[in-house]
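Hi everyone, thanks for coming. I'd like to walk you through a structure, with an eye on its rings and its cavities. Here it is on the screen.

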Amino acid sequence: MKNPKRISVFCLAVLAMAASGGAVFKASLGDVKANLKGKEISAAGENAVFGEVDGWKCLKKGVLTFTIQEGFPDKRGIIAFRIRPLFEQKKDSPEITVIKFESAKDKMTFEYFPPQTEWRLDKLVGGQKDIAKTKNHELKSQQWNHVCIGWEHLNAKQNRMVLYVNGKHMDSKKFPKLFSGQVTVKIGGDNINTEIADLVILNKYLGRKGINKLCNAKPGKGPAMVVIKKKTKITIDPALQADIDKLKGKVGRLLYRHSTSKTPIELTDGIIAEPINPADIGKIDLSKYKVILFPQGPRYQVSPDQYKYIVDYVKNGGGYVGSCQGSYFANKLKLLDFKTYACDIWGLFAIYFKNPHIITGWREKKMMRMHFGNGPIMVPGEGCEVIATYTMTMPGKPTIAAIMTGKCGKGRVVLFGPHPMGGPISANGIKKFYSGEKMHTSRMMTNALLYAAGIIENKR
C-alpha cells in the first residue's frame, strides 16, 4: 500500500481576464467546497485591476474581498503573500493597510507604519492587542517581497505567532486562539500604491524550511492569486479512499474533559470523528460507532462505574483504538491481557517492526522513529499480537510492545504507546511540533481505525 502524504488546504482561485471596457473579475471556487465543509467562499472585486509583473499575476489596484463562512484555521496555520510597494517608504508617507482579516470580535492587519518607517502585523484577537514588527526598510520598494504569518496554538501556555519577511524571521508573539466563525479577508485598498500577489492560506503550520519553500517559489501560470499550489495537492489511493468512506459517520473520539462541544474532529486522511463527552458514556448508544479513538493526552474524566459501557461496546463488536493515554486506559478496562509501565520520555523514540501487519502498511523498514510523550511500555500477555517493539530492554527481558492488537469478545483492540499522529515537544525553552504526516506515521492511525472497525483485514 502506498503512503502518500495528505495536506489539507483552503483553495481560492481568482482569475483576471482582459475584456473590452476594462478588467473582468471572476471567482473560481475550485476545491474550496470540500475543504470548507460544504460552505462556499463568496468573493467580490471593487475597482479591481489585475496585471502581471515579473511573472507574478497580481492585484495592481482596487480591492478584493472574500468571506470564509467557517473552518478558518484557528489553532495552527499559515498566511503568506507577496507585496510590491511602489511608494518611497518615509516618515511622511501615508499609512496603508494591504491585507485585513476580520471576524465579529477579532481583527488582524498587515500595514505600513510611517513614524518608524516599518511594516507591522497589528492584531486584536480575543481582546488582546499586539504588534509584530519588521526591521526598518526590510521590505524593498519596487521589488517583490514575501510576507509569511504563521501561528500555532497548542494550549494556553504553548502558543505563538511568527512573522517572516523574505524568508527571514522578524518577530514572534504569544497570542490567544485565532479567529472563530465567519472571517472576511480584504486584500488591497484605495490608493495604497502597492501590488499584491500569490496569496496562500494553509490550515497547518510550516517550519522554517517550509516557509522558505513558499518564499523561494517561482512565478507560475494560471490564476492571479492561488491559495493552493498543485504540487502540494496529494491524493489518497482510490482503494483506500473507498475504505475510508465506509467510516463516514461511524467514528467517535473521546474528549478528555466534560464538554458540550459538537464540533467534528478531523483525524487522519480526512477521517472525521464525532466528539464523545465523557459524561455521556452510559447515556448514549456507543454501538452507533464502528470504532472509537481514545487519544493521547491527559487522563480522561471517565469514572470506574462507566467502564462497563465501554467494555460491553467492545465485546459486542465495537472497535477500540488507543494512543498513549488510550493504551493506559485499555489496561484499566482490562480489554487485553497486558501490563503497562510509564516511560517519562519526550521526543522521538525508535521502534522496531517485529511482524508485518496491515496497520503498519506492511512496512519493510525495520526501524523508524515515532513521536513519544510519557506513553506506556506495554508487556503483552496471552492473546496479544505484537506488531512493533521499542528498541530497549527491561529486567528479565520480556517482550516490550510499542504497537499491538488483540480481540476482546467480538471487538478488535489496537494500542499505540507512541503517537502516530505526532505532537509537540517542549524542552529547555525549545518548542517543536512533529507532524505525523511528515514523519509518515499518521497512515498507521488510518489503518488502525479501519482494522479495528473490521473494514480491512490483516491479509495481503
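Let me start with a term: two rings of Phe, Tyr or Trp count as a pair if their centres lie within 6.5 Å. Please also keep in mind that this is a predicted model.

With that in hand, have a look at Y256, F294, Y300, Y307, Y320 and F329, which ring pairs link into a cluster. Across the structure there are 14 aromatic pairs. One of them is F349 with F372: the ring centres are 5.0 Å apart and the planes meet at 70°, so we call this pair edge-to-face. It joins distant parts of the chain, since F349 belongs to strand β22, residues 346–353, and F372 to strand β23, residues 367–373, with the two positions 23 residues apart in numbering. As for solvent, F349 and F372 are both buried.

Some rings have a charge for company, too. R120 lies over the face of F113, 3.6 Å from the ring centre. Further along, R412 places its charged end over the ring of Y451, at 4.3 Å from the centre.

Now for the cavities. How many of 30 Å³ or more does a search of the whole structure find? The search turns up 2. I'll show you the second largest, with a volume of about 30 Å³. Its lining is made of L254, I276, I281, L286, I292, F294 and I310. What kinds of residues are in that lining: nonpolar, polar or charged? The split is 7 nonpolar, no polar and no charged. And you may recognise F294, which lines this cavity and also belongs to the ring cluster.

How values were computed. Residues numbered from 1 in each chain as written. Predicted model: local features only at pLDDT ≥ 70, side-chain atom pairs only at ≥ 80, totals over all residues. Heavy atoms only, no water. 1 Å grid on protein atoms, 1.4 Å probe; cavity = no way out; pocket = protein on both sides within 12 Å on 5 of 7 lines; lining within 4 Å. Points joined across faces, edges and corners; volume = space filled by probe spheres on them. Nonpolar A, V, L, I, M, F, W, Y, C, P; charged D, E, K, R; others polar. Phe/Tyr/Trp six-rings, centres within 6.5 Å; stacked < 30°, edge-to-face > 60°. Helix = DSSP H or I, 4+ residues; strand = E, 2+ residues; numbered from the N terminus. Buried < 20%, exposed > 50% of the residue type's maximum accessible area, 1.4 Å probe, protein only. Lys NZ or Arg CZ within 6 Å of the ring centre and 35° of its normal.
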